[in-house]
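Reader: I keep meeting words such as "buried" and "patch". Please show me how they are earned in a real case.

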Amino acid sequence: MKKFLSEFKEFAMRGNVMDLAIGVIIGAAFADIVTSLTNNFINPLLNLLTHPRAIMNLTGPIIVDSLATYFSNFISSVINFLIMAFILFCLVKAVNKAMTIGKKPTEEEVTTRECPFCKSEISIKATKCPHCTSLLDEVVEEA
């Protein structure tokens, strides 16, 4: 059972699985923005254009109230999306931090060294400095 749980943890915390889950959540939140834009701006505009008699029945305060309601609904959807994105960002940062806690830092392989004559950076396998053309005495042998 312990091996099963460790395998599941490894699967769930793998980068592409997390990315996919976050993509689905962000996509759903963005779909709410598109739905709100359609329901609150495009559909009422199309209703006014396709039903000319509806324009005659509208008065100034009714138009302003309905526009304010539509606009506030859309802004609410955008704010919900931003809050969701921020929470997911914080969650990913926390998961990435938790994944690095138990790992040992990897040491990088040394591939360059300093020329003793001109102090420029050269390849560790170099026998002659490409900058000052000095012959280098100590040649690093390949293991």
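What follows is a short exchange about the labels used for this predicted model.

Reader: What is the secondary structure of the protein?
Author: The protein has four helices and two strands. Along the sequence, the pattern reads α-α-α-α-β-β.

Reader: Where is Ile-83 found?
Author: Ile-83 sits in helix α4, which covers residues 60–101.

Reader: Why is Ile-83 called partly exposed?
Author: Its relative accessible area is 47%. Buried means under 20%, and exposed means over 50%. The value for Ile-83 lies in between, so Ile-83 is partly exposed.

Reader: What makes Ile-83 eligible for a surface patch?
Author: A patch residue needs over 30% relative accessible area and no salt bridge. Ile-83 has 47%, so it passes that area cut-off. Ile-83 belongs to a nonpolar patch with Phe-71, Ile-75, Ile-79, Phe-86, Ile-87 and Phe-89. Together they have about 710 Å² of accessible area.

Reader: Which residues make up the largest nonpolar core?
Author: There are five: Cys-115, Ile-122, Ala-126, Cys-129 and Leu-136. Core members must be buried, so each is under 20% relative accessible area.

Reader: What is Ile-122 in contact with, leaving aside neighbours within four places in sequence?
Author: Its contacts include Cys-115, Cys-129 and Leu-136. Thr-111, Thr-112, Arg-113, Pro-130 and His-131 are also in contact with Ile-122. Contact means heavy atoms within 4.5 Å, so each of these residues meets that limit.

Reader: How much of the protein is buried?
Author: Buried residues make up 13% of the 143 residues. The accessible surface comes to about 11,800 Å², with 66% belonging to carbon and sulfur atoms.

Definitions and conventions: Residues are numbered from 1 along each chain as its sequence is written. This is a predicted model: local features need pLDDT of at least 70, side-chain atom pairs count only at pLDDT 80 or more; totals for chains, interfaces and linings use all residues. Side-chain values use heavy atoms; hydrogens and water are left out. Patches are made of residues with over 30% relative accessible area and no salt bridge: like charges are joined within 9 Å, nonpolar side chains (Val, Leu, Ile, Met, Phe, Trp, Tyr) within 5 Å. Accessible areas come from the Shrake-Rupley method with a 1.4 Å probe; for residues, only the protein chains shown count as cover. A salt bridge is a side-chain nitrogen of Lys or Arg within 4 Å of a carboxyl oxygen of Asp or Glu. Buried means under 20% relative accessible area, exposed over 50%, partly exposed in between (1.4 Å probe, protein chains only). A nonpolar core is a set of buried Ala, Val, Leu, Ile, Met, Phe, Trp, Tyr and Cys residues joined through side-chain atoms within 4.5 Å.
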